[in-house]
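Got your viewer open? Take a slow walk through this model with me, one selection at a time.

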Amino acid sequence: MPSPTPHEALIYLMVITSASDRAMTDVELAKIGDVVRSWPVFEDFKQDRLVPVAQACQKLLHEQDGLEGLLSQVAEALPERLRDTAYAAAFEVAAVDLEMRLEEVRVLQLIRRELDLDTLTVAAIGRAAKARLRTLT
């Protein structure tokens, strides 16, 4: 299988995060679509490829190397300057329902380890996402 493109790698991380608890909710799927539609990093991505890329990710997760192999491919595909963006996209998906499950926390730990992100960057991304998603009640 060829290495994923940077766009595919970003989407893979969002799908992996959403699927981590074996329940890809409508809210999480909508967030993935929102990120792909609105974040500047996806401005030259063809929107009609989102579903096929997500399906390819699910297929890759079930192959021999599974999650670890896929995370390794993602890390190789992402330029250094997009690694914090990739983690931010994954965190957005995990935090969108305002309830981060243990499985999602574990996947985010694996992602930040594989992407070699420092603690301050990870904390800032988490804090910003939580602030953005906070409600009045």
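Before anything else, select Asp26: is it buried or exposed? Asp26 has a relative accessible area of 67%, so it is exposed. Keep in mind that you are looking at a predicted model.

**Stop 1: Asp26 and a partner far along the chain**

Asp26 belongs to helix α2. Now add Asp97 to your selection. These two are 71 residues apart along the chain, and their C-alpha atoms are separated by 9.8 Å.

Try another pair with your distance tool: Val51 and Val122. They too are 71 residues apart in sequence, but here the C-alpha to C-alpha distance is 28 Å. While you have Val51 selected, notice that it sits in helix α3. Val51 has a relative accessibility of 51%, and the cut-off for exposed is over 50%, so Val51 counts as exposed.

**Stop 2: the nonpolar core**

Time to go inside. In soluble globular proteins, nonpolar side chains tend to be buried together. The largest nonpolar core here has 44 residues. Which of them touch the most other members? Select Ile11, Leu13, Met14 and Leu78, and you have them.

Next, color the helices that feed this core. At least two residues come from each of α1 (6–19), α2 (26–38), α3 (50–61), α4 (66–77), α5 (83–95), α6 (102–114) and α7 (119–133). Which helix gives the most? That's α5, with nine residues.

Zoom in on Met14 and show what surrounds it. Leaving aside residues up to four places away in sequence, Met14 touches Ile32, Val35, Val36, Phe42, Ala89, Ala90 and Val93.

**Stop 3: α5 beside α1**

Show just α1 and α5. Their axes are 8 Å apart, and the helices pack at an angle of about 30°. An angle like that makes α1 roughly parallel to α5. Look at how α1 passes α5, too: the crossing is right-handed.

Which residues make the contact? On the α1 side, pick Leu10, Leu13, Met14, Thr17 and Ser18; on the α5 side, pick Thr85, Ala86, Ala89, Ala90, Val93 and Ala94. Color these contact residues by type and you get eight nonpolar, three polar and no charged.

**Stop 4: α5 beside α6**

Hide α1 and bring up α6. The axes of α5 and α6 come within 10 Å and cross at roughly 175°. That makes α5 roughly antiparallel to α6.

For the contact, select Arg83, Tyr87, Ala90, Phe91 and Ala94 of α5, then Glu104, Leu108, Ile111, Arg112 and Glu114 of α6. How many of these contact residues are charged? Four are, along with six nonpolar and no polar.

**Stop 5: α5 beside α7**

Swap α6 for α7. Here the axes come within 10 Å and cross at roughly 40°, so α5 and α7 are oblique to each other. The crossing of α5 and α7 is right-handed.

From α5, highlight Asp84, Tyr87, Ala88, Phe91, Glu92 and Ala95; they meet Thr121, Val122, Ile125, Gly126, Ala129, Lys130, Arg132 and Leu133 in α7. This contact divides into eight nonpolar, two polar and four charged residues.

**Stop 6: Glu92 and Lys31**

Stay on α5 and click Glu92, which has its place in that helix. Is Glu92 buried or exposed? At 3% relative accessibility, Glu92 counts as buried. Not counting residues up to four places away in sequence, Glu92 touches Lys31, Trp39, Ala129 and Arg132.

Follow that contact to Lys31, over in helix α2. Lys31 has a relative accessible area of 14%, and buried means under 20%, so Lys31 is buried as well. With the same sequence neighbors left out, Lys31 touches Glu92, Val93 and Val96.

**Last stop: a loop**

Finish at the loop between α6 and α7, where you'll find Asp116. What is its phi angle? Asp116 has a positive phi of about 55°, although it is not a glycine. Turn on the surface and check this residue once more: at 65% relative accessibility, Asp116 counts as exposed.

Terms used
Residues are numbered from 1 along each chain as its sequence is written. This is a predicted model: local features need pLDDT of at least 70, side-chain atom pairs count only at pLDDT 80 or more; totals for chains, interfaces and linings use all residues. Side-chain values use heavy atoms; hydrogens and water are left out. A nonpolar core is a set of buried Ala, Val, Leu, Ile, Met, Phe, Trp, Tyr and Cys residues joined through side-chain atoms within 4.5 Å. Buried means under 20% relative accessible area, exposed over 50%, partly exposed in between (1.4 Å probe, protein chains only). Helices (H or I, at least four residues) and strands (E, at least two) are DSSP runs, numbered from the N terminus. Contact means heavy atoms within 4.5 Å. Axes are lines fitted to C-alpha atoms, for helices over the stretch in contact, and angles run from 0 to 180 degrees between N-to-C directions. Angles under 35 degrees count as roughly parallel, over 145 as roughly antiparallel, 65 to 115 as roughly perpendicular and the rest as oblique. A crossing is left-handed if the near helix is turned anticlockwise from the far one by less than a right angle, and right-handed if clockwise. Ala, Val, Leu, Ile, Met, Phe, Trp, Tyr, Cys and Pro count as nonpolar, Asp, Glu, Lys and Arg as charged, and the others, Gly among them, as polar.
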